[in-house]
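Dear colleague,

I am passing on the structure you will be working with, and below it you will find an account of what turned up when I went through it. Please keep the model open while you read, so that you can look up each place as it comes.

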Amino acid sequence: MIKYVLLLIFFFWSNQGFAQKTVLIAYHSETGNTEVMAQSVEKGALSVDGVSVVLKSVDDVSNEDLISADAIIVGSPVYNANVTPEISAFIASWPFEVQPLKDKIGAAFVTAGGISAGEEIVQMNILQSMLVFGMIVVGGPDWTQPFGASAVTGEPPFEVSEQNEISEQFTEKGFLLGERVAKLVKSMNSVVE
Ligand SMILES: Cc1cc2nc3c(=O)[nH]c(=O)nc-3n(C[C@H](O)[C@H](O)[C@H](O)COP(=O)(O)O)c2cc1C
């Protein structure tokens, strides 16, 4: 009898979403600011028990990383009110045939020199691209960060020093975004076709 109960538990664990979920955080950073935000997003995701987190620069992300992730959070610096060429090329390289990224959770974070000099546009660009891949896009946990997380790095009073000391107000939003995505991914079971 006990054998059948254990078998049943294993069946549910492996098929009904109890297997450990993975959050992939993929970012590009030239001067370190977006990397600092990515680390805050990572801390937030790691604060949720039972979720594994992979943090990588986009140069190191493989198709296998993308396909095996249950959630993908993309971070970009704002360049001329757009994602950087590296993030654009990264998203353009995502596998598309047979929709392998469909129903994965997607989220975005950015860093920008100026206040309202492109952050929301770039967050939305990333989320819009994710929608093309059939992903389920989410923002932060409340109205103060509806499109994900962003940090201002070049305009007073938020200019960062050479140590990339981003204001805690922004890193906290990165943390909350990572935490939200991890909580959501953990609560998702098998997805409807
Ligand atoms: C070519 C270039 C274009 C940029 N364009 C913008 C922009 O349109 N709006 C803005 O707020 N910041 C802009 N910035 C500033 C960066 O977004 C900002 O410094 C960012 O934090 C850099 O991220 P990183 O340190 O991760 O490379 C630009 C920077 C560069 C180098």
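To begin with the overall layout, the protein chain in this predicted model has 6 helices and 6 strands. Read from the N terminus, the elements follow the order α-β-α-β-α-β-α-β-α-β-β-α. The chain has 193 residues, of which 41% are buried. If you take the contacts between residues at least 6 apart in sequence, you will find that 80% of them join residues at least 24 apart.

Next, please turn to the ligand. There are 20 residues around the ligand, and those that come nearest are Asn33, Thr34, Pro77, Gly113 and Ala117. Two elements, helix 2 (33–46) and strand 4 (105–112), each give two or more residues to this shell, and the largest share, 3 residues, is that of helix 2. Sorted by class, the shell consists of 12 polar, 6 nonpolar and 2 charged residues.

Strand 4 is worth a second look, and Ala108 is a residue of that strand. Is Ala108 buried or exposed? A residue counts as buried if 20 or more other C-beta atoms lie within 10 Å of its own, and Ala108 has 28 other C-beta atoms within 10 Å, so Ala108 is buried. Setting aside the neighbours within four places in sequence, the residues in contact with Ala108 are Val74, Gln123, Ile126, Leu127, Phe147 and Gly148. Ala108 and Ile25 are 83 residues apart in sequence, while the distance between their C-alpha atoms is 9.3 Å.

Helix 2, which we met at the ligand, also packs with helix 6 (residues 168–187), at an angle of about 40° and with the two axes 6 Å apart. Angles that are under 35 degrees count as roughly parallel, and those from 65 to 115 as roughly perpendicular; the two helices are therefore oblique to each other. The crossing of helix 2 with helix 6 is right-handed. On the side of helix 2, the contact is made by Val36, Met37, Ser40, Val41, Glu42, Lys43, Gly44 and Ala45, and on the side of helix 6 by Thr171, Gly174, Phe175, Leu176, Leu177, Gly178, Glu179, Val181 and Ala182. By class, the residues of this contact are 9 nonpolar, 5 polar and 3 charged.

Finally, some points about the backbone. Most residues other than glycine have a negative phi, and most peptide bonds are trans. Against that background, which two residues does a cis peptide bond join? They are Pro156 and Pro157, with an omega of about 5°, and Pro157 lies in the loop between strand 6 (149–152) and helix 6.

The loop between helix 4 (85–92) and strand 4 holds Val98, and Asp103 is found in the loop between helix 4 and strand 4 as well. Val98 is not a glycine, yet its phi is positive, near 55°, and Asp103, also not a glycine, has a positive phi of about 70°. As for their surroundings, Val98 is exposed because 6 other C-beta atoms lie within 10 Å of its own, whereas Asp103, with 15 other C-beta atoms within 10 Å, is partly exposed.

With kind regards

Conventions. Residues are numbered from 1 along each chain as its sequence is written. This is a predicted model: local features need pLDDT of at least 70, side-chain atom pairs count only at pLDDT 80 or more; totals for chains, interfaces and linings use all residues. Helices (H or I, at least four residues) and strands (E, at least two) are DSSP runs, numbered from the N terminus. A residue is buried if 20 or more other C-beta atoms lie within 10 Å of its own, exposed if 12 or fewer, and partly exposed in between; C-beta atoms are placed from the backbone. Two residues are in contact if their C-beta atoms, placed from the backbone, lie within 7 Å. A residue is near a molecule or strand if its C-beta atom, placed from the backbone, lies within 6 Å of it. Ala, Val, Leu, Ile, Met, Phe, Trp, Tyr, Cys and Pro count as nonpolar, Asp, Glu, Lys and Arg as charged, and the others, Gly among them, as polar. Axes are lines fitted to C-alpha atoms, for helices over the stretch in contact, and angles run from 0 to 180 degrees between N-to-C directions. Angles under 35 degrees count as roughly parallel, over 145 as roughly antiparallel, 65 to 115 as roughly perpendicular and the rest as oblique. A crossing is left-handed if the near helix is turned anticlockwise from the far one by less than a right angle, and right-handed if clockwise.
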